Amino acid sequence: MRVSSSLKAEIYAAFPKLRNAKHRFTSPEDNGYNCIAWSIGDNARRWWPDVVLYWPTGIPLDDSLESFIRMYESLGFHLSDLVPEVGIEAVAIFGDAGSVKHAARRSLATGMWMSKLGSSFDIEHTLKAVESAAYGQLLAIMYKRS
């Protein structure tokens, strides 16, 4: 996957930890899905807790960590104090003290984390490489046994 140097510069400016972390771009830009959808393998729609985008029924329409935990729990995920071993489905939730900003999923094959950068590219990266002013810090890790 080739990404222009000017676009890489924009991405590295938004995600400064990514520049020096192991990563690779894995897909072209696509506005059809977002990071939350990508974190659960849904490439057909955009998930977010509002009335316009998709959100599961019965989960509060707010961007609190509690709402996102409930959403992932509704899909069979459980909170974890540790990063589960490679081969177990896992998601990482990022944000700040007040709200969730991003989610990533871990590759079952490689153990690398995979993110959708907004409506931009899908990337593989190390766990905390997307921590930034835009996405905040790692807030929680959840796992699901297949």
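**Exercise 1.** Which residue takes a positive phi in the hairpin of β5 and β6?

*Solution.* Work on the predicted model. Start with the two strands: β5 covers residues 113-116, and β6 covers residues 122-125. The hairpin has 5 residues between the strands. Within this hairpin, Gly-118 takes a positive phi near 60 degrees.

**Exercise 2.** Describe how β5 pairs with β6, and name two facing pairs of residues.

*Solution.* Take the sense of the pairing. β5 and β6 are antiparallel, with 4 bridges. Now go to Trp-113: opposite this residue stands His-125 in β6. Then go to Lys-116: its bridge partner in β6 is Asp-122.

**Exercise 3.** Describe how β5 pairs with β4, and find the glycine in the turn.

*Solution.* β4 spans residues 100-106. The pairing of β4 and β5 is antiparallel and has 2 bridges. Arg-106 has Trp-113 of β5 as its bridge partner. Next, look at the turn. This hairpin has 6 residues between β4 and β5. Gly-111 sits in the turn, with a positive phi of about 85 degrees.

**Exercise 4.** Are the residues on the two faces of β5 buried or exposed?

*Solution.* Split the strand by side. Trp-113 and Ser-115 lie on one side. Met-114 and Lys-116 lie on the other. Buried means under 20% relative accessible area. All four residues are buried, so both faces of β5 are covered.

**Exercise 5.** Give the strand order of the open sheet and name its edges.

*Solution.* The sheet has 7 strands, and their order is β1-β6-β5-β4-β3-β7-β2. The pairing is antiparallel. β1 (23-25) and β2 are the edge strands, as each pairs on one side only. On average, neighbouring strands are turned by 30 degrees against each other, direction ignored.

**Exercise 6.** Place helix α4 against the sheet, and list its buried residues.

*Solution.* α4 packs on the sheet and touches β2, β3, β4 and β7. The direction of α4 makes about 20 degrees with that of β7. The helix runs over residues 65-74. Its buried residues are Ser-67, Phe-68, Ile-69, Met-71 and Tyr-72. Their cover includes α3 (35-39), β2 (78-80), β3 (89-95), β4 and β7 (137-144). Finally, step past the helix end. Just after α4, Gly-76 has a positive phi of about 100 degrees.

Methods
Residues numbered from 1 in each chain as written. Predicted model: local features only at pLDDT ≥ 70, side-chain atom pairs only at ≥ 80, totals over all residues. Heavy atoms only, no water. Buried < 20%, exposed > 50% of the residue type's maximum accessible area, 1.4 Å probe, protein only. Pairing = 2+ DSSP bridges. Contact = heavy atoms within 4.5 Å. Axes fitted to C-alpha atoms, helices over the stretch in contact; angles between N-to-C directions.
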